[in-house]
Amino acid sequence: MKLVPLGDRVVLKQADPEEKTKSGIILTGQSQEKPQQAEVIAVGIGETADGKEITMQVHPGDVVIYSKYAGNEVKLDGEEYIIVKQSDILAIVE
């Protein structure tokens, strides 16, 4: 199956959480914080709001940073994805 986002929504695949700190301490599952960095898997076609066309600024393959509590988590074919609005994306990592 394939996820096709509607409007100004974006499908993200979250990066794996860090298992060690920079100093070498191994983190348990509960103390690992979910990263806010993810890869863009699919984007919608954009939308029109208040008569203005909103174009999509991210593209599949981009690595982005998104708001901490944004989006909905979805599980499809054993993979976990997050669907967010484009406005929840804070930056593109280059």
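This report describes the fold, the nonpolar core, the charged side chains and selected long-range pairs of one predicted protein model.

Because the model is predicted, local features are reported only at pLDDT of at least 70 and side-chain atom pairs only at pLDDT 80 or more, while totals for chains, interfaces and linings use all residues. Residues are numbered from 1 along each chain as its sequence is written, and side-chain values use heavy atoms, with hydrogens and water left out.

## Overall fold

The secondary structure comprises zero helices and eight strands. Helices (H or I, at least four residues) and strands (E, at least two) are DSSP runs, numbered from the N terminus. From that end, the elements follow the order β-β-β-β-β-β-β-β. Of the 94 residues of the protein, 26% are buried; buried means under 20% relative accessible area, exposed means over 50%, and partly exposed lies in between (1.4 Å probe, protein chains only). A contact is defined by heavy atoms within 4.5 Å. Among contacts between residues at least 6 apart in sequence, 63% join residues at least 24 apart.

## The nonpolar core

In soluble globular proteins, nonpolar side chains tend to be buried together. A nonpolar core is here a set of buried Ala, Val, Leu, Ile, Met, Phe, Trp, Tyr and Cys residues joined through side-chain atoms within 4.5 Å. The largest such core has 12 residues: Val-10, Leu-12, Ala-38, Val-40, Met-56, Val-58, Val-64, Tyr-66, Ala-70, Ile-82, Val-84 and Ile-89. Two or more residues of this core come from each of E1, strand E2 (37–43), strand E5 (63–66) and E7.

Val-10 belongs to strand E1 and is buried, at a relative accessible area of 0%. Beyond its neighbours within four places in sequence, Val-10 has contacts that include Pro-5, Val-40, Met-56, Val-58, Ile-82, Val-84 and Ile-89. Val-40, with the same sequence neighbours set aside, is in contact with Val-10, Val-11, Leu-12, Val-58, His-59, Pro-60, Gly-61, Asp-62 and Val-64.

## Pairs distant in sequence

Three residue pairs that are far apart along the chain are listed below with their C-alpha separations.

| Pair | Separation in sequence | C-alpha distance |
|---|---|---|
| Val-10 and Val-84 | 74 residues | 5.4 Å |
| Ile-83 and Val-11 | 72 residues | 4.6 Å |
| Lys-85 and Leu-6 | 79 residues | 9.7 Å |

Ile-83 is located in strand E7 and is partly exposed, with 23% relative accessibility. Not counting neighbours within four places in sequence, Ile-83 touches Arg-9, Val-10, Val-11, Gly-71, Asn-72 and Val-74. Lys-85 also lies in strand E7 and is partly exposed at 34% relative accessibility. With neighbours within four places in sequence left aside, the contacts of Lys-85 are Asp-8 and Arg-9.

## Charged side chains

Which residues form a salt bridge, and how far apart are their closest N and O atoms? Glu-79 pairs with Lys-13, the closest N and O atoms being 2.7 Å apart. Glu-79 lies in strand E7 (residues 79–85) and Lys-13 in strand E1 (residues 9–14), so the salt bridge ties together parts that are 66 residues apart in sequence. A salt bridge requires a side-chain nitrogen of Lys or Arg within 4 Å of a carboxyl oxygen of Asp or Glu, and the structure holds one. Both partners are partly exposed: Glu-79 has a relative accessibility of 32%, and Lys-13 has a relative accessible area of 30%.

Lys-13 also lies over the face of Tyr-81, at 5.9 Å from the ring centre. This description applies if NZ of Lys or CZ of Arg is within 6 Å of the ring centre and within 35 degrees of the ring normal.

Asp-8 is in the segment before E1. Asp-8 is buried yet has no salt bridge, and the nearest side chain of opposite charge, Lys-85, is 4.1 Å away. In assigning charge, Lys and Arg count as positive and Asp and Glu as negative, whereas His and the chain ends are not counted. Apart from residues up to four places away in sequence, Asp-8 touches Gly-46, Glu-47, Met-56, Val-84, Lys-85 and Gln-86.

## A loop residue with positive phi

Asp-77 occupies the loop between strand E6 (72–76) and E7. Its phi is near 55°, a positive value in a residue other than glycine. Asp-77 is exposed, at 57% relative accessibility.
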